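Here is a short tour of the pockets and cavities in this model, written for someone who likes to know what lines each space. Have the structure open as you read.

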Amino acid sequence: DALRASALIALMYDCDAARAFDLWERALANNPKLTEARVEYAGFGLCILRSEDARAVAEGERAVADDPLNPVCASYHSVVLAVAGRFSDAIAQAQRSVALDGQAFLGRLCLSMVYTFAGDVDNALHSSQVALVMSGRNSQVLAGMAALHSARNDPDRAIASHQELLARAAIDLVDPTWLAVSALGIGAVDEAMEHAFRAVEDRAPQQIWLVRRPGTEALHAHPRYPELRQRMGI
């Protein structure tokens, strides 16, 4: 568990992906059934950083098989499946996570994410509304809703979601990653890039999502994206 936590710190705070991989692999060598470490290794490491989707899915499947009643494993694995393009499997896995623990925010969040990645806007919005209410208007959920409202040709609600996040950031802690995501949702790519750089400068824990989250393609096409990756240590 200490090695697992150290891997996340190396990745998300120190921007040292190579060390994160080393720590994950040491943790799993010491305890192959440390399943939450395995799904983080699969998701953040193999899937997002290396785009090794087949390996990521295999590692996630192993974690779920070793720990079938763990909703955290099911949730993380659902997102890996979605990023890998296996949308029906992703939705089934996210629904299984919610069935295991309907009161857990992570499962509801991942269900909204996999519907979003699959392009199922109606179910994504419904799931997002549930997650938004149960979490006290979580920033990650709100950021994703900007793009969903845009996809439904509702720019006023998309902009309102982004403006709500900006207003909150003026008085409270908001991970700039989600400001970047919501800015992308309304097509404000230059603004999104400014938030992305601030996420790296602030050592924001969720910055890794800017690397391969569906909906961030415009950020990747920005001329400053190579510099952003370099600062992220990847």
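## The largest cavity

Sorted by class, the residues lining the largest cavity are six nonpolar, five polar and one charged. This is a predicted model, and the space in this cavity comes to about 80 Å³.

If you would like to select the lining, pick Leu109, Ser112, Met113, Thr116, Phe117, Ser128, Gln140, Val141, Gly144, Met145, Leu148 and Arg213. Helices H7 and H9 each contribute at least two residues to this lining.

## The second largest cavity

The count of cavities of 30 Å³ or more comes to two. The second largest cavity holds about 40 Å³ of space. Around it you will find Leu11, Gln207, Ile208, Met232 and Ile234. That lining splits into four nonpolar residues and one polar residue, with no charged residues.

## The largest pocket

Turning to the open spaces, the largest pocket has a volume of about 340 Å³. Its lining is made of 22 residues, and those closest to the pocket centre are Phe44, Tyr76, Gln140, Gln206 and Trp209. Five helices are listed as giving two or more residues to this lining: H1 (2-12), H3 (35-49), H5 (71-83), H7 (105-117) and H9 (139-151).

Which helix gives the most to the lining of the largest pocket? That would be H3, with five residues. In terms of class, the pocket lining has 15 nonpolar residues, five polar ones and two charged ones. One residue to keep an eye on is Gln140, which is among those closest to the centre of this pocket and also lines the largest cavity.

## The second largest pocket

The second largest pocket has a volume of about 170 Å³. Its lining consists of Thr116, Phe117, Gly144, Ala147, Leu148, Val181, Leu184, Gly185, Arg213, Pro214, Gly215 and Thr216. At least two lining residues come from each of H7, H9 and helix H11 (176-185). By class, six of the lining residues are nonpolar, five are polar and one is charged.

It is worth putting this list beside that of the largest cavity. Thr116, Phe117, Gly144, Leu148 and Arg213 line the second largest pocket, and these residues also appear in the lining of the largest cavity. Helices H7 and H9 recur too: each supplies at least two residues to the lining of the second largest pocket and at least two to that of the largest cavity.

Key
Residues are numbered from 1 along each chain as its sequence is written. This is a predicted model: local features need pLDDT of at least 70, side-chain atom pairs count only at pLDDT 80 or more; totals for chains, interfaces and linings use all residues. Side-chain values use heavy atoms; hydrogens and water are left out. On a 1 Å grid over the protein atoms alone, a cavity is a set of points where a 1.4 Å probe fits but cannot get out, and a pocket is an open set with protein on both sides within 12 Å along at least five of seven lines; lining residues have an atom within 4 Å of a point. Grid points are joined across faces, edges and corners, and a volume is the space filled by probe spheres set on the points. Helices (H or I, at least four residues) and strands (E, at least two) are DSSP runs, numbered from the N terminus. Ala, Val, Leu, Ile, Met, Phe, Trp, Tyr, Cys and Pro count as nonpolar, Asp, Glu, Lys and Arg as charged, and the others, Gly among them, as polar.
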